[in-house]
Amino acid sequence: MNFNVTSDEGKNKILLEINEDKNSLSTTSGIDIALEQAKLDIRLFDETIESVKTIKQNCDKIDYALAASSGALCGILDMFFVGKPGETPLGNITDKWFADRTEDFAKKGEWKPKGEAKLENAIKWLEEKFKIPYDQTGIGEAAKEVFGFNTDPSKHHLESLGHNPSILGLFFSILDQFTNRSHFVIDGQLISLVEADDKFKLRGSNIISKLYCGFCNWFGHLISDMSGSYNSAKKGKRGMGIPSPLWTWINDIIVIKRKLGISESEFDKSMNQIAVDLFKEGYDFRYQSTQVIPVLINELIVRFFYSIRRLLKYYNYTSKGNCLLNDMWYACKPFGNPTITRMLMVAHGTFCLVDIADATARGFATGVGTFNPVEFFLRLNLVGIGRLTLSLYGEVKCDLKYHKTQKEAQLVQDKKAILKDYIEGLKILKALYEDEEYLSFIDDLSNNEYIVAFIKSSDLATLRGVPDSQILKTKEDIDKYFNA
């Protein structure tokens with residue numbers, strides 16, 4: 001015997017099932033199952049609502065103050081210790097580090113210095129080991145008159161596309177090695193030199209081996225030029241290294257536009273000239289690496305203070321017996337949460353404000369009444385600008401995710417309220433159908449206990465909501481019902 005209800009989908013659901021066998025009567029209720037499922041749904045809704053808190057930034061005044069202070073401190077560090085190429089302590093340390101790496105790379109390639117290991121000897125060995133056809137510092141007398149390239153070999157590494165440490169630089173390096181050509185960007189124009197080196201021959205027996213040798217030549221030659229040329233190292237000068245990857249994009253744009261049949265604009269030529277002037281002032285890969293140092297220190301300081309504050313808070317609000325390593329790490333890990341993203345944005349934003357203010361002031365100071373863009377870009381920390389851009393992207397991404405999740409959480413709140421009403425209704429039904437003592441009237445009838453069975457059946461009818469006029473309460477009601 002089943003007691004059914006109809007759901008919103010029009011399907012019958014069994015709320016009460018009575019099973020009778022030879023000797024006993026058993027009941028199973030779907031109300032209990034429905035209640036457990038509803039309570040489980042409530043817990044899931046609570047978890048969804050709680051998850052909104054994990055994607056909302058929770059910075060306080062101290063967090064903002066620490067982040068801004070770190071950015072200002074590192075901005076001052078950049079101002080006095082990075083400065084411009086070849087004139088600052090951090091730059092000298094970076095130059096020395098790259099010189100040591102050049103010698104280490106040569107030693108890995110079986111370079112064996114005779115006597116004292118000197119940088120110029122390592123550079124010369126690498127230049128001979130990794131020969132390429134596009135290493136001219138001049139392209140002939142006719143080209144000298146037209147382009148003026150031979151008059152200033154100091155900008156050779158920037159204008160030669162094969163010397164650019166970029167994907168396009170690698171492409172043109174291998175192309176030049178296969179075709180024995182040299183490609184340059186001079187005065188905003190793409191120039192190609194045919195039959196660049198009659199002594200060059202790309203090693204390899206097939207396409208794959210030639211591609212591999214071409215890549216090795218490109219990379220090895222970049223290492224040889226990383227700390228300047230052989231002649232500059234021999235004279236004890238800083239020399240011109242390989243171009244900064246953040247400025248070679250100007251060459252990339254000019255080349256791509258030329259290949260697409262688009263003529264170079266005046267803006268392209270102006271930016272190319274600025275890039276050349278910066279490179280001649282020493283703005284190369286080594287200097288770009290020096291700019292990374294204050295940005296990295298800023299990053300580490302902010303993450304360190306974030307972790308320390310959360311670690312202390314965890315120990316203050318957690319009893320010693322409940323301290324768990326996983327919980328502690330989750331509470332103070334300095335990444336993967338919107339709070340640290342907000343702090344980093346403030347820190348790098350402050351750093352860039354200090355850096356841009358310094359670069360602008362020096363640009364006007366050296367311009368003699370006008371603005372000097374070369375001095376401005378020499379002082380501008382492009383690494384810091386790039387890191388701030390990433391922070392802003394992360395902040396916008398977190399904010400959009402928060403607002404989206406907040407809307408979903410509001411819908412969950414509404415569903416939770418409806419589900420609570422549903423649970424209350426189930427509890428009422430559960431109370432109505434907790435009637436095992438009444439259902440035992442069948443056993444009473446089997447045992448000829450008619451009076452007891454009659455009372456239980458009458459009470460069961462009342463519990464089920466049968467109208468009072470239809471309930472048989474007395475013997476007279478029974479006789480009247482059956483004699484009718």
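**Close-ups of helix α11 and a cavity**

**View 1. Helix α11 gives the largest cavity the largest share of its lining, 3 residues.** This is a predicted model, where local features need pLDDT of at least 70, side-chain atom pairs count only at pLDDT 80 or more, and totals for chains, interfaces and linings use all residues. Residues are numbered from 1 along each chain as its sequence is written, and side-chain values use heavy atoms, leaving out hydrogens and water. Helices (H or I, at least four residues) and strands (E, at least two) are DSSP runs, numbered from the N terminus.

**View 2. Who lines the cavity?** Look for Leu 158, Pro 243, Ser 244, Trp 247, Ala 275, Leu 278, Phe 279 and Tyr 283 (lining residues have an atom within 4 Å of a cavity point, and a cavity is a set of points on a 1 Å grid over the protein atoms alone where a 1.4 Å probe fits but cannot get out). The volume, the space filled by probe spheres set on points joined across faces, edges and corners, is about 40 Å³.

**View 3. Helix α11 covers residues 266-280.** From first C-alpha to last, α11 reaches 21 Å, close to the 21 Å expected at 1.5 Å a residue (1.5 Å times one less than its number of residues). Just after α11, Gly 282 takes a positive phi of about 105°.

**View 4. Which residues of α11 are buried?** Among them are Asp 268, Met 271, Ala 275 and Phe 279 (buried means under 20% relative accessible area, with a 1.4 Å probe and protein chains only). Their cover includes α6 (156-159), β4 (182-186), α10 (249-259) and α15 (373-379).

Notes: Buried < 20%, exposed > 50% of the residue type's maximum accessible area, 1.4 Å probe, protein only. Contact = heavy atoms within 4.5 Å. 1 Å grid on protein atoms, 1.4 Å probe; cavity = no way out; pocket = protein on both sides within 12 Å on 5 of 7 lines; lining within 4 Å.
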